Every structure is written in structure tokens, then in C-alpha cells.
Amino acid sequence: MNQSRPIVYIVDDDPMIAPTFAGFLSDMDVTVRSFTNGPEFLDVVHPAEVACVLLDMRMPEMNGLEVQTRLRDQGCVQPVVFTTAIEDVESAVSAMRHGALDYLLKPVEKLELLSRVDAALNEAQITIEENQEAEIVRSRYERLTPREREVLALMVEGKANKVMSVDLGVSQRTVEIHRARVMEKMEAKSLADLFRLSLYLELG
């Protein structure tokens with residue numbers, strides 16, 4: 001999915017919030033999209049977008065926590081920054097437990113908002129890149145034979161060829177051939193790189 005600029009979604013039923021926040025964000029190179037309710041926002045957000053969400057905690061029809069839950073159910077990992085006009089410690093704690101990046105009390109100062117959005121978009125970029133790499137790694141893993149997957153698991157455990165040959169009941173030469181094929185198919189530059197790639201896989 002091509003995306004020229006990061007997106008900041010503003011989801012708030014107060015008609016004054018979106019233009020105020022959009023004005024603040026005009027200093028940043030972002031695209032601002034605003035919605036007055038959760039369902040409309042959820043219909044357009046895409047999992048692959050580098051974006052963050054400025055989400056009102058208290059809205060009719062669907063409150064902020066419900067929107068955040070639906071967002072995650074849709075496979076979207078974009079960071080959420082909750083905003084609210086009413087200080088509510090219980091809601092703040094619940095929001096953070098549900099994975100919110102931050103929680104801001106209205107009225108929000110411009111510099112505070114810009115700081116939070118900048119941090120959220122940086123996190124979004126990293127998360128999207130990691131998810132894309134994870135998908136690539138899983139596709140490479142699918143190319144391995146069952147025996148090569150066994151060898152991969154032993155390699156990331158740091159097993160020596162001699163030990164692997166005993167565990168698998170094959171010669172050390174056969175182990176060397178499997179190791180080479182694993183490195184080639186996983187497109188790993190080194191054992192350290194292979195170990196890093198393996199973190200995206202469930203090898204336990």
C-alpha cells in the first residue's frame with residue numbers, strides 16, 4: 001500500500017476538536033482525517049497505514065475503549081492516544097491496559113499534542129516495518145522442508161553440528177547441507193541474522 005505521508009486520525013464527537021487539533025498539526029508533514037464517531041473511522045482505517053489515532057474517550061454510540069478494541073480486532077496496530085475532557089483515573093488505567101500509547105486531558109496544549117503525535121507516528125512506523133518483515137520471514141519459513149525446520153530450530157538453540165547429527169540421526173555432512181539450505185532459503189546473512197529472523201517465528 002503506497003502512502004506518501006503519515007496519517008493522524010481524529011475521532012471526536014465535539015465539532016470544535018478536529019479543527020483545533022488540525023490547526024496544531026499543520027506544522028507537521030501529516031495527513032489529517034477526522035471523524036465524529038467510531039464506526040465511520042473503523043470503516044476506513046487500514047492495517048498497513050503508518051498512522052496514529054487521537055481518540056475521544058467518551059462518545060455516544062461507541063466509546064473510545066470500544067473503538068480501540070474493534071481497531072485491534074481488525075488487525076490494526078496504529079498507536080492510540082486517548083483524549084478526554086473529564087479526568088478519570090480508572091478510564092486512564094483501563095486505556096493503558098488495553099494498549100493505549102498515551103492519555104491526554106483536554107484542553108490539550110499544542111506542543112504537548114505535537115510531541116505525543118510525533119512519538120506515536122515513530123512507533124507506528126517501526127511497528128509497520130516489523131510486521132512487514134515478519135510476514136516476509138514467515139513466507140521464507142514456508143519454503144523449508146520439515147527436516148530443514150528441525151535444523152533451523154536446533155541452529156537457533158546454538159547446537160553444534162556434531163550434536164545436531166546425533167539428535168537427528170544423520171551424518172554431520174548431511175547436517176552441513178541442511179544448514180546451508182536453511183541459510184539460503186531464509187536469506188540470512190549470518191547466524192546472528194538467522195537468530196534475529198527466528199524471533200518472528202514460533203519455534204518452541
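**Figure 1. Salt bridge between lysine 110 and aspartate 27.** In this predicted model, lysine 110 pairs with aspartate 27 in a salt bridge whose closest N and O atoms are 2.7 Å apart. The contact links distant parts of the chain: lysine 110 belongs to helix H5 (residues 110–141), while aspartate 27 sits in the loop between helix H1 (17–25) and strand S2 (31–35), 83 residues apart. Lysine 110 counts as partly exposed because its relative accessibility is 31%. Aspartate 27, at 53% relative accessibility, counts as exposed. The structure holds 16 salt bridges, and three of their settings are shown in Figures 1 to 3.

**Figure 2. Salt bridge between aspartate 56 and lysine 106.** The side chains of aspartate 56 and lysine 106 form a salt bridge with an N to O distance of 3.3 Å. Distant parts of the chain are again linked, with aspartate 56 in strand S3 (residues 51–56) and lysine 106 in the loop between strand S5 (102–105) and H5, 50 residues apart. Aspartate 56 has a relative accessible area of 4% and is therefore buried. Lysine 106 also counts as buried, at 16% relative accessibility, since the cut-off for this class is under 20%.

**Figure 3. Salt bridge within helix H6, and a network of shared partners.** Arginine 147 and glutamate 150 are joined by a salt bridge, their closest N and O atoms lying 2.7 Å apart. Both residues are in helix H6 (residues 146–156), separated by three residues, or about one turn of the helix. Arginine 147 is partly exposed, at 28% relative accessibility, and glutamate 150 is likewise partly exposed, with a relative accessible area of 39%. In a further panel, Asp12, Asp56 and Lys106 are joined into one network by salt bridges that share partners.

**Figure 4. The largest nonpolar core and the surroundings of leucine 71.** The largest nonpolar core contains 22 residues, of which Tyr9, Phe41, Val53, Leu55, Val67, Leu71 and Phe82 touch the most other members. At least two residues of this core come from each of strand S1 (7–11), helix H2 (38–44), S3, helix H3 (64–73), strand S4 (80–84) and helix H4 (89–97). Leaving aside residues up to four places away in sequence, leucine 71 touches Phe41, Leu42, Val45, Val53, Cys76, Gln78 and Val80.

**Figure 5. A second nonpolar core.** This core is separate from that of the preceding figure and comprises 19 residues, among them Leu25, Leu104, Leu113 and Ala120.

Key
Residues numbered from 1 in each chain as written. Predicted model: local features only at pLDDT ≥ 70, side-chain atom pairs only at ≥ 80, totals over all residues. Heavy atoms only, no water. Salt bridge = Lys/Arg side-chain N within 4 Å of Asp/Glu carboxyl O. Helix = DSSP H or I, 4+ residues; strand = E, 2+ residues; numbered from the N terminus. Buried < 20%, exposed > 50% of the residue type's maximum accessible area, 1.4 Å probe, protein only. Core = buried A, V, L, I, M, F, W, Y, C linked by side-chain atoms within 4.5 Å. Contact = heavy atoms within 4.5 Å.
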